[in-house]
Amino acid sequence: EQWLYIGAQLNEPQIWANLTEDETVIFHDNDFEIFVDADASNHYYKEYEMNALNKTWNLCLNKPYSDGGHENSTRRFGKRGWSMIPPLRCGTFIQGAINNPTQRNLYWSVEVQL
């Protein structure tokens, strides 16, 4: 009752992930994203992203970027930035090969504990 568990299977014929560091702009890779907006206000919502290499980025947005919003995260403000960590656990599994255009893949999957 203390955790939210999320799992997903992402079917992709080619699995790509080039970002190898946490707290980078993960959506530049194919990624899986979780949005948490507990009061459904579209303001001060939390976002969690991960790529197939299990690299993550979590942030808080005061409002959507399209409405002039800005990011609060450790990527932007270092240790003073907002973070879901701790506690957080996550993992990925790749059925196939990553970053290999000659191989047809089946899927990659994610598991997240928030």
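## Nonpolar cores

In this predicted model, the largest nonpolar core has 14 residues. Four of them touch the most other members: Phe32, Tyr48, Trp108 and Val112. Strand 2, strand 3 and strand 7 each supply at least two residues of this core. Strand 7 gives the largest share, with three residues.

There is also a second, separate core. It holds six residues, among them Val25, Ile26, Tyr45 and Trp57.

## Tryptophan 108

Tryptophan 108 belongs to strand 7. Its relative accessible area is 1%. The cut-off for a buried residue is under 20%, so tryptophan 108 counts as buried. Tryptophan 108 is also one of the residues that touch the most other members of the largest core.

The side chain of tryptophan 108 makes a polar contact with the side chain of glutamate 12, at 2.5 Å. Alanine 97 lies eleven residues from tryptophan 108 along the chain. The C-alpha atoms of these two residues are 9.7 Å apart.

## The three-stranded sheet

Strand 7 is part of an open sheet of three strands. The order is 1-7-6, and the pairing is antiparallel. Strand 1 (5–11) and strand 6 (89–95) are at the edges. Each has a single partner strand, so one side of each has no neighbour in the sheet. From one strand to the next, the twist averages 10°.

Strand 7 covers residues 107–113. Seven bridges connect strand 7 with strand 1, and the two run antiparallel. Within this pairing, valine 110 of strand 7 stands opposite alanine 8.

## The four-stranded sheet

The model has an open sheet of four strands as well. Here the order is 2-3-4-5, again with antiparallel pairing. Strand 2 (31–36) and strand 5 (71–72) form the edges. Each of these two pairs on one side only.

Strand 3 spans residues 45–51. Six bridges tie strand 3 to strand 2, and these strands run antiparallel. One residue pair here is phenylalanine 32 with methionine 50, its bridge partner in strand 3. Phe32 also appears among the residues with the most contacts to other members of the largest core.

## Sheets and core together

The largest core draws on strands from both sheets. Strand 2 and strand 3 each supply at least two of its residues, and these strands are neighbours in the order 2-3-4-5. Strand 7 supplies three, and has its place between strand 1 and strand 6 in the order 1-7-6.

Terms used. Residues are numbered from 1 along each chain as its sequence is written. This is a predicted model: local features need pLDDT of at least 70, side-chain atom pairs count only at pLDDT 80 or more; totals for chains, interfaces and linings use all residues. Side-chain values use heavy atoms; hydrogens and water are left out. Two strands pair if DSSP finds at least two bridges between them. Axes are lines fitted to C-alpha atoms, for helices over the stretch in contact, and angles run from 0 to 180 degrees between N-to-C directions. A nonpolar core is a set of buried Ala, Val, Leu, Ile, Met, Phe, Trp, Tyr and Cys residues joined through side-chain atoms within 4.5 Å. Buried means under 20% relative accessible area, exposed over 50%, partly exposed in between (1.4 Å probe, protein chains only). A polar contact is a pair of N or O atoms within 3.5 Å; within protein, one must be able to donate a hydrogen and the other to accept it, and residues adjacent in sequence count only if both atoms are side-chain atoms.
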